[in-house]
Amino acid sequence: MFDRLATLVLKHRLAIVFTFALLTLASLALAPAINFNFTPQQLFEGRGDDASYRETFAERFGREDNLIIVLIEAPDVLAPSVVSFIRDLTYELRRVEDIVDAQSLATVATPRPDSLSAEPFLGDLSNQLASAPSPFQAPAVSADQARELGDFVLHEPLIAGRLISLDASSAIVAARIDTRFQDVNDLRTLNERVAERLAMYELPPDTTATLAGVPPLRVEIVDNLRQEQLIFVPLTAFIYLLVLIFLFRSPGGVILPLGTVLIALLTTLAMLVLTDYPINIINNVLPTLIFVIGISDSIHMLTRQAEEVEAGRPHSEAIRQMIRHTGVACLLTTGTTAIGFLSLFSAETTILRNFGWQAACGVMLAYLATILFLPAGLSFMRPARRIHTSPETPDAPRHIPTLERLLMRAGEALLARPWTVLTVSLLASGALIAQAAHVVIDTKILEVFSEDHPTYISTQTLEEDLSGILPIEISLESPERDRFKDPDVLTRIAILQQSAALHSIVLSTESPLDYLGAARAAITGDPEQRDLLPETPEQVEQLLLLIADAPDSRSGIHAFVTSDFRNARILLRVRDAGAKANLKLARELHANLEDLFPPETNISYRLTGDAYVASAALDSFIRDLIVSIFLALALIFLLMTLVFRSIKIGIISLLPNALPLLMTLGYMGWTGININTTTIIIFAISLGIAVDDSIHFFARFIEELPQTDSLKDAILNTYFGAGRAILLTSVLLLIGLSVLTLSDFVPTQQFGLLTAMTIAGALVADLVILPVLLYLVLSRFPLKVRKQLITTT
């Protein structure tokens, strides 16, 4: 097959180069049309009705994750100048397009004895917004007003610890944006509008104002991802360029591998454009994936061609032998990698299933460019050569370059003590498994930032001094109108709310009861009355008269119960403790809900909110990937067994391919790095790389075995033929990935470090453990049987 392919490529080399040039230009023309969609809700797609109910719930009550927060810090946020600034900024933000509301300690309306109408403490200035110029500035707050405001807000549970810290060192202005805005580009625009309005004001002395909340956090994460790619992908390509120049010292050895990668990358992007799939938070790793695989296969091809040239073959014949001997190995490596990604079709999450076929298509496009464009282009260029002098005549003794000589000596040392090597390897594997057992499947928002990052610090401040930014919500529904005016039901809600507040990760709780309690305290003038629950529906109606002056408003109690009182909401704000802690809380809440709202209450319940839905989705997402990795290992074992027609080869291939993953898991367990959305993708990519090296070693070994009666010589000749390419591709990838560790963005650091570690593990497994396993297993069979065991179709 590959003989005929080599003839076809050499015969039609000009047409192939021209076709790929046209394909590249067409793909380049389509590339600007690529869309970017980093909406986190993509992770929820395919997860049953959790996501759809979340949207329904948001339509009723709004989104708690759609708050752009301005965090204001000062020695005393209740100083008159700071209060004036907070008040004016709040009203100014209400004028911003697509911001539906803005609240702060200076504007929030809560019932109090001197104002049963629930007017803001400093008065309602909304009627001035239409005529006042920007920035909005009302008369300065006096010292007496500020003092009286402080006395009120620091003793009002609906404000203290939520809109102002208990020590008055920080406060927030919370701007609620329209619920339809979820795409990161829309969020970026809204963040910029808020930042522009904030920049209009001169801050009071010793006061800082910082954008925080989920929308700015999402935008910053996505912008960091984009910026990292714009910086590190070109930088990595430049380093690869220098290394390729050093390795092959010819235009063909430098231009063609990079050209192959460029063709594969552009055609993959064109495929996304034509199928109308955007770049998202998962498939944005495709450029790195294609770069790694394309470069690796190209180096294996060029190394084989250089070996043939230095053995005295003519240039065209060297290309023919390159395709004949390396093409099948590259096809196997690409096939196993593609199978690994296609195993993602077993995932529940839509975004993972799409990534599976996109990555599989991308690596196959890289293979086509490598097997067709690279040899066709190479035929027009000077042959790539390795870094040593060729033999003067074809009949001269084979010259063994320094690198190959070192590899063969290392191989001799390993084969001299195979049981020692295997024992040490198994002991090391056991130690790694022990460390890997400590790895936790978890993900946090703040894990993407270092602890000294401004966003990390501001979010921590919100959690420590205020009520945080992450919501878990409980929805209670009944078919009965006015069901949530029933005192018995309200008592059950109170018990649930009190129980939830005791949980270690819960920062605050809020429900209709908080507003009914505030109304009771205002009517009676006694703060002690706040915690007393209504005893009759009539008492509930009386309290509602005080706070129900805007039935369709989504502020106050109307943010927690629908106008027909059939659907109530309990809001829990939680610290960024991770998906594991959120799901533990969810299980406890479900148990409490089951006890408090049995079927006879005629009330159904469910959990929703961004923190819960995201945690459940991410947990499922990560577990989907873990299952797909094990499935990929099983498929790779099956494929290796079928291709090499030997179960023993399939079994032998498992340890070298699994050991790199174990090494990485062991390191993660030792250093405390969690399995999360970033690190689990690394395993999917690294598994393909690890399998590639072992297949190249197997393919060359099978080629060498029939040419000698010595198993040891066959393995040493494999070191000579394939060891160099395996070592060079691994070193090249390690050099390129090491650049990523210079990033300030934690996911990029982890991507570079953990992928490099997996590649280093694969290098050790394929050049140390795999040869020893082959030697120990096959040496037990007679020569004839041994050659029958290792015979390809």
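**Close-ups of a four-domain chain**

**View 1. Helix 1 meets helix 11 in a right-handed crossing.** This is a predicted model, and the first stop is a pair of packed helices. Helix 1 covers residues 2–11 and helix 11 covers residues 350–378. On the helix 1 side, look for F2, L5 and V9; on the helix 11 side, the contact residues are Y367, I371, L372, P375 and A376. Sorted by class, this contact has eight nonpolar residues, with no polar and no charged ones. As a general note, two packed helices are described by the angle between their axes and the distance between the axes. Here the angle is about 50° and the axes are 9 Å apart. Angles from 65 to 115 degrees would count as roughly perpendicular and those under 35 degrees as roughly parallel, so helix 1 and helix 11 end up oblique to each other.

**View 2. The whole chain, split into four domains.** Step back for a moment to see how the pieces are laid out. Domain 1 takes in 1–33 and 249–387, while domain 3 is the stretch 67–220. Domain 2 combines 48–52 with 469–615, and domain 4 combines 404–437 with 645–792. How far apart are the C-alpha centres of domain 1 and domain 3? They lie 56 Å apart.

**View 3. An open sheet of four strands in the order 2-3-1-4.** The pairing in this sheet is antiparallel. Strand 2 (99–103) and strand 4 (208–212) stand at the edges with a single partner strand each, so one side of each has no neighbour in the sheet. Going from strand to neighbouring strand, the turn is 20° on average, direction ignored. Zoom in on strand 1 (residues 67–73) and strand 3 (residues 170–177): these run antiparallel and are joined by seven bridges. One pairing to pick out is I68, whose bridge partner in strand 3 is A175.

**View 4. Two helices packed on the 2-3-1-4 sheet.** Helix 4 (residues 80–94) lies across strand 1, strand 2, strand 3 and strand 4, and runs at about 165° to strand 2. Helix 14 (residues 454–465) packs on this sheet too, touching strand 1, strand 3 and strand 4. The direction of helix 14 makes about 85° with that of strand 1.

**View 5. Another open sheet, with strands in the order 6-7-5-8.** Four strands build this one, again with antiparallel pairing. Which strands sit at the edges? They are strand 6 (506–510) and strand 8 (604–608), each pairing on one side only. The twist averages 20° from one strand to the next. Strand 5 (residues 470–477) and strand 8 run antiparallel, with five bridges between them, and L476 stands opposite Y605 of strand 8.

**View 6. Helix 15 and helix 18 on the 6-7-5-8 sheet.** Helix 15 (residues 487–501) lies across strand 5, strand 6 and strand 7 (567–574), at about 165° to strand 6. Helix 18 (residues 579–596) touches strand 5, strand 6, strand 7 and strand 8, and its direction makes about 170° with that of strand 8.

**View 7. Helix 12 crosses helix 23, right-handed.** Helix 12 (residues 402–416) and helix 23 (residues 746–778) pack at about 50°, with axes 10 Å apart. That angle is why the two helices are called oblique to each other. L407, L414 and L415 of helix 12 meet L767, V768, P771, V772 and Y775 of helix 23. The contact has eight nonpolar residues, and no polar or charged ones.

Definitions and conventions. Residues numbered from 1 in each chain as written. Predicted model: local features only at pLDDT ≥ 70, side-chain atom pairs only at ≥ 80, totals over all residues. Heavy atoms only, no water. Domains from an automatic or database assignment. Axes fitted to C-alpha atoms, helices over the stretch in contact; angles between N-to-C directions. Parallel < 35°, antiparallel > 145°, perpendicular 65-115°, else oblique. Left-handed = near helix turned anticlockwise from the far one by under 90°. Contact = heavy atoms within 4.5 Å. Nonpolar A, V, L, I, M, F, W, Y, C, P; charged D, E, K, R; others polar. Pairing = 2+ DSSP bridges.
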